[in-house]
Amino acid sequence: MPRMGECPGGGRLHLCRKLAEVRGVPRTRVMAYRLRECEGGFSMNIKSLNRWLGALIVLTALALAWNQFAMEKSFVVDAASRLPVNTVDDRSSGGKSVAAVKTENGRFVMDCTINPGYEWPYCATAFELGRAPYGMDLSGYDTMTLKVAYEGPEPQQQVRVFLLNYNPKYSSQKEYESAKVQEIFYDPGRDKTLTVKLSQFTVASWWSNEHNISVQNAGLEFDNVVALQVSTGGKVVPGAHRIWVERIEFRGKLIAPATFRLIVIGLWMLGLIAYLFGYSVSTRRKLLATHRSRLSLQRLNEALQLEKQSLQHMAHRDPLTGVLNRHGLGEELLRLSAKGDKKLFPLSIVFMDIDHFKRINDGHGHGVGDEVLRGVAEMVQGDIQRDDLFARWGGEEFIILCPGTEPSQAQAMAERLRRAVSVRDWPHGLRVTSSFGVSEARAGEDLGESIRRADGAMYRAKQMGRDRVELHLVHGRGRDQDAA
Ligand SMILES: Nc1nc2c(ncn2[C@@H]2O[C@H](COP(=O)(O)OP(=O)(O)OP(=O)(O)O)[C@@H](O)[C@H]2O)c(=O)[nH]1
């Protein structure tokens, strides 16, 4: 388990950084993605998402409870609200009842004398909520609480409460009673408080009849209420009547619960969309980073491959001449022998040594000596056949292995090379010669033995005056020179 602050796979990360630095691949780009992963990532983890979700759920529950049990608005009609108030009575309809209103001890007191004269005598206290065509919107209120008292000639007295709604579809500004009359009846007694729902109001049937109201317009409407009236009952007896209005309060929700729930759902949807959007952006960034990281790793891999090839090359090749070294020769020989003896034998070995090379070094310096070594290697490389293996054996010695070549053919090739070296124009007017020993390797024989024979032949060439080719043939293939 990685400890706090440690990266998982930190060791490998360190190695990659090192390699990137060594090969010149920018570190930030190579491991950007993994580093970012290690450093905490850029996406919201499950734990913090859960915390957010929990907080939002609690917030939602609190908001719903607040809406359910609080978040209320109210509109009060009382002496302090200073609404225009007046009375209406049946004299406007040809009756003789007389009403008057005053304010007393913070209450509206309406005194009414009901006199016979009109078929439906009445008196009412009228509160003006607006002036047609502009009334007050009470549609956002749910209940109405009435603190009203009534005294009259009979013990049981009913009041009617009217809410008059103006609508140009059926109302006219000139005719006051063309506003829709919506009513409730109840017996307030002396000191009762009553709360009713606005939905308990009904549209007065006499008003619907008088105004020939269509079914479409027959429903309750409270969005443009121009007046609130507290009136005597429907069948009222003549005599003195008194109605006190202390307080009428409308209550409702600031935001209707259904609307509030819609708002909450909408906010959740918006939040979800915002989260999904953020998530998709972060995923896209992540993918991009992964892609970039993959590219960088690919580049790093290519660099490592090149490095590997170069190391392999260095292990197999002589750095001065570029031809195979002993190790490389061994590897190539193995590769060749894997093709089978038929491809390999007859196998001839040519050992080559530059004559008096020390003199060149001593006389002209190591640089010129190196130049001669490179020139010789170049000449031989350009002359031998494709399957021949050419290597620097050490110092000024070279070896050529010629698969599928008879010793006589190898001898001829050595002779050709000897001549070419000796006639070439060398730097500083040098004359360079070389000695060759040719031998044959037999199938099943230790190759070192065959090389030693070639080396021996070359040594003989040196002894016999240098700048010549000597051949060493073994028993059964003619004469064995060592034995001779
Ligand atoms: N410039 C140079 N000289 C080298 C290199 N490797 C070996 N030599 C030199 O090659 C010389 C070989 O000298 P010797 O072994 O005495 O042979 P030689 O002078 O060629 O004489 P013979 O072989 O008898 O003709 C030495 O002086 C080495 O220092 C090399 O990579 N570059």
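What follows looks at one sheet and at the salt bridges of this predicted model.

The sheet is an open one, with five strands in the order 14-15-13-16-17 and mixed pairing. Strand 14 (389-394) and strand 17 (469-472) sit at the edges, each pairing on one side only. On average, neighbouring strands here are turned by 20° against each other, ignoring direction. Strands 13 (residues 347-354) and 16 (residues 434-441) run antiparallel and are joined by eight bridges, with Met 352 standing opposite Phe 436 of strand 16. Packed on this sheet is helix 10 (residues 407-423), which touches strands 13, 15 (397-402), 16 and 17; its direction makes about 165° with that of strand 16.

As for charged pairs, the structure holds 26 salt bridges. One of them joins Glu 246 to Lys 147, with the closest N and O atoms 3.8 Å apart. Glu 246 belongs to strand 12 (residues 239-253) and Lys 147 to strand 6 (residues 143-151), so this pair ties together parts 99 residues apart in sequence. Glu 246 is partly exposed at 29% relative accessible area, and Lys 147 is partly exposed at 34%.

Lys 358 and Asp 362 make a local pair within helix 8 (residues 357-364), four residues or about one helical turn apart; their N-to-O distance is 2.9 Å. Lys 358 counts as exposed at 59%, and Asp 362 does too at 56%.

Arg 431 and Asp 467 also meet in a salt bridge (3.7 Å, N to O). This one links loops 36 residues apart: Arg 431 lies between helix 10 and strand 16, Asp 467 between helix 11 (447-463) and strand 17. Arg 431 is exposed, at 60%.

Finally, a salt-bridge network links Glu 72, Asp 78, Arg 247, Glu 249, Arg 251 and Lys 253.

Notes:
Residues are numbered from 1 along each chain as its sequence is written. This is a predicted model: local features need pLDDT of at least 70, side-chain atom pairs count only at pLDDT 80 or more; totals for chains, interfaces and linings use all residues. Side-chain values use heavy atoms; hydrogens and water are left out. Two strands pair if DSSP finds at least two bridges between them. Helices (H or I, at least four residues) and strands (E, at least two) are DSSP runs, numbered from the N terminus. Axes are lines fitted to C-alpha atoms, for helices over the stretch in contact, and angles run from 0 to 180 degrees between N-to-C directions. Contact means heavy atoms within 4.5 Å. A salt bridge is a side-chain nitrogen of Lys or Arg within 4 Å of a carboxyl oxygen of Asp or Glu. Buried means under 20% relative accessible area, exposed over 50%, partly exposed in between (1.4 Å probe, protein chains only).
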